[in-house]
Amino acid sequence: MINPRLTALPPYPFQRLATLLDGVAPGADPLMLSLGEPQHPTPPLVGAELARHADLWRRYPPAAGAPRWKEAVVAWMTRRYALPEGMVDPAQVIPASGTREALYMMGHLLVDGTVTASGGNRVPLAIMPDPFYLPYLGASAMNGAEILTIPAGPETDFQPDIAALPDEVLDRAAVVFMCSPGNPQGSLLSLDQWKALVTLAREREFVLVADECYSEIYDAEAPSGVLEACRDLGGSLKNVLVANSLSKRSNAAGLRSGFIAGDPDLIAAFLRIRAYGAAGMPLPIQEASAALWEDEDHVIANRILYREKIDAAEKHLSGHLGFRRPPGGFFLWLDTTEWGETGEEATLRLWRDRGLKVLPGVYMSAHPEDPNNPCRHRLRIALLHDTLVVDRAMDRLIASEK
């Protein structure tokens with residue numbers, strides 16, 4: 001009675017982690033480094049805006065978004081990516097309850113698993129990096145796509161090389177998911193790489209989905225975005241969708257406030273799907289979200305705090321566990337090979353002996369049971385707590401070396 005496509009999906013990473021650590025007591029006061037949930041304070045303006053617009057809770061929100069929200073998001077994109085005025089029309093932007101909801105629902109929009117692709121004899125491909133954010137997999141597999149994961153390891157600077165795929169593979173692609181800054185590696189796509197991907201999407205007639213929810217957390221330079229590539233290629237958003245949210249940028253994960261922008265035909269079709277299956281973003285939340293998109297001061301302060309945490313981690317880990325200072329995001333992607341352990345073995349030991357809860361990297365891979373999976377010797381560590389806690393956690397981590 002249950003859709004077999006659902007049962008075929010691997011357990012979600014945090015379910016797997018709970019199973020791995022079940023019944024194992026932490027060896028010290030627990031320090032949680034597994035979940036990417038921001039710990040910095042949410043800007044006070046959120047509460048003020050919610051209270052100021054409390055009368056709007058009684059109203060059903062428009063699925064397409066309220067005018068102020070749409071204008072705020074378009075203005076932010078225009079500033080952030082130096083776009084020409086009017087390049088993105090407010091009609092090309094719609095709200096989503098965080099990027100996870102939007103990315104998952106894109107599967108309904110972009111994948112038709114009941115037909116063959118380009119006259120071939122197989123269903124379309126959904127292409128994504130490996131490791132990846134698992135909703136890409138869920139969105140694709142639940143709609144009948146064949147999944148193709150492309151390694152995103154050190155040999156390609158932790159981004160998948162989509163352009164290197166054979167023509168016959170690209171011709172079957174329905175959607176390509178890309179994430180920059182990457183989750184979990186923090187890797188960035190250059191503007192030239194984005195332009196090459198947009199060009200390829202239009203030549204091969206697939207949709208390029210750009211997941212940019214970590215775009216405002218970076219170390220040295222602001223990451224390039226897919227909208228800049230579209231700007232340089234003439235201004236059209238054809239074959240492109242971009243997702244972003246306030247969860248990381250504004251420490252407002254509980255607000256569940258994100259957006260999807262892009263190709264006007266795809267956005268119109270997405271609105272039709274959402275009319276059937278999505279709860280609109282409540283109007284008070286849209287008002288608070290607009291205020292956050294309009295303010296950059298809290299984002300700058302946020303970024304400074306994350307740099308301090310990365311500094312603390314680097315002080316302890318430089319030269320160990322393949323430490324690489326992430327150019328974006330707030331995760332470390334560590335290599336346990338020098339410990340002679342898999343990521344799962346290291347995770348279990350760190351919890352049992354040191355009270356550190358981390359995430360095995362293989363849990364973010366499409367083939368977690370493959371003994372040759374390069375993610376098998378990786379750990380993802382989230383640098384979210386205050387700098388003193390991060391410093392203490394890194395001290396425990398390096399002291400646990402075998």
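**A walk through two sheets, two pockets and a cavity**

By class, eight nonpolar, five polar and five charged residues make up the lining of the second largest pocket. This is a good place to begin a tour of what is, please keep in mind, a predicted model. The pocket in question, the second largest, has a volume of about 270 Å³. Its lining counts 18 residues, and those nearest the centre are Asp-130, Gly-153, Asn-373, Pro-374 and Cys-375. Two strands each supply at least two residues of this lining: strand 4, which covers 146–151, and strand 9. Those two strands make handy guides, as strand 9 belongs to an open sheet with the order 9-12-11, while strand 4 belongs to another open sheet, with the order 2-8-7-6-5-3-4.

Let us follow strand 9 first. The sheet it belongs to has three strands, and the pairing is antiparallel. Strand 9 (331–335) and strand 11 (359–360) are the edge strands, each pairing on one side only. Helix 14, residues 343–354, packs on this sheet and touches strand 11 and strand 12; the direction of the helix makes about 45° with that of strand 12.

Now look at how strand 12 is held by its partners. Strand 9 pairs with strand 12 in the antiparallel sense over five bridges, and within that pairing Trp-333 has Arg-380 of strand 12 as its bridge partner. On the other pairing, strand 11 and strand 12 (residues 378–382) are also antiparallel, with two bridges. Here Pro-360 stands opposite Leu-379 in strand 12.

How many residues of strand 12 are buried? Five of the five are, so this strand is largely enclosed by the rest of the structure. Both of its faces are covered: Arg-378, Arg-380 and Ala-382 are buried on one side, and Leu-379 and Ile-381 are buried on the other.

Arg-380 also leads us to a residue elsewhere in the chain. Ser-34 sits in the loop between strand 1 (31–32) and helix 3 (45–52). Is Ser-34 buried or exposed? Its relative accessibility is 6%, so Ser-34 counts as buried, the cut-off being under 20%. Setting aside neighbours within four places in sequence, the contacts of Ser-34 are Phe-14, Leu-17, Lys-357, Val-358, Leu-359 and Arg-380. Among these, Arg-380 is the residue we just met as the bridge partner of Trp-333.

Time to turn to the other sheet. This open sheet has seven strands, and its pairing is mixed. Strand 2 (93–96) and strand 4 are its edge strands, each of them pairing on one side only. From one strand to the next, the twist averages 20°. For a closer look at one of its pairings, take strand 5 (residues 173–179) and strand 6 (residues 207–211): they run parallel and are joined by five bridges. Val-175 has Val-207 as its bridge partner in strand 6.

Helix 5 is the element to trace next. Helix 5 lies across strand 2, strand 5, strand 6, strand 7 (240–245) and strand 8 (258–262), running at about 160° to strand 7. Helix 5 also takes us to the largest pocket, where it provides three residues, the largest share of the lining.

That largest pocket holds about 500 Å³ of space. Of the 25 residues lining it, Leu-35, Gly-36, Arg-100, Tyr-133 and Lys-248 lie nearest the centre. Which helices each supply at least two residues of this lining? They are helix 2 (13–21), helix 5 (98–110) and helix 10 (246–249). By class, the lining of the largest pocket has 13 nonpolar, six polar and six charged residues.

The last stop is a space of another kind. With a threshold of 30 Å³ or more, the count comes to one cavity. The largest cavity contains about 70 Å³ of space. It is lined by 14 residues, of which Pro-129, Pro-131, Cys-179, Asn-183 and Gln-185 are closest to its centre. The residues of the cavity lining divide into nine nonpolar, five polar and no charged, whereas the lining of the largest pocket includes six charged residues and that of the second largest pocket includes five.

Note on methods:
Residues numbered from 1 in each chain as written. Predicted model: local features only at pLDDT ≥ 70, side-chain atom pairs only at ≥ 80, totals over all residues. Heavy atoms only, no water. 1 Å grid on protein atoms, 1.4 Å probe; cavity = no way out; pocket = protein on both sides within 12 Å on 5 of 7 lines; lining within 4 Å. Points joined across faces, edges and corners; volume = space filled by probe spheres on them. Nonpolar A, V, L, I, M, F, W, Y, C, P; charged D, E, K, R; others polar. Pairing = 2+ DSSP bridges. Helix = DSSP H or I, 4+ residues; strand = E, 2+ residues; numbered from the N terminus. Contact = heavy atoms within 4.5 Å. Axes fitted to C-alpha atoms, helices over the stretch in contact; angles between N-to-C directions. Buried < 20%, exposed > 50% of the residue type's maximum accessible area, 1.4 Å probe, protein only.
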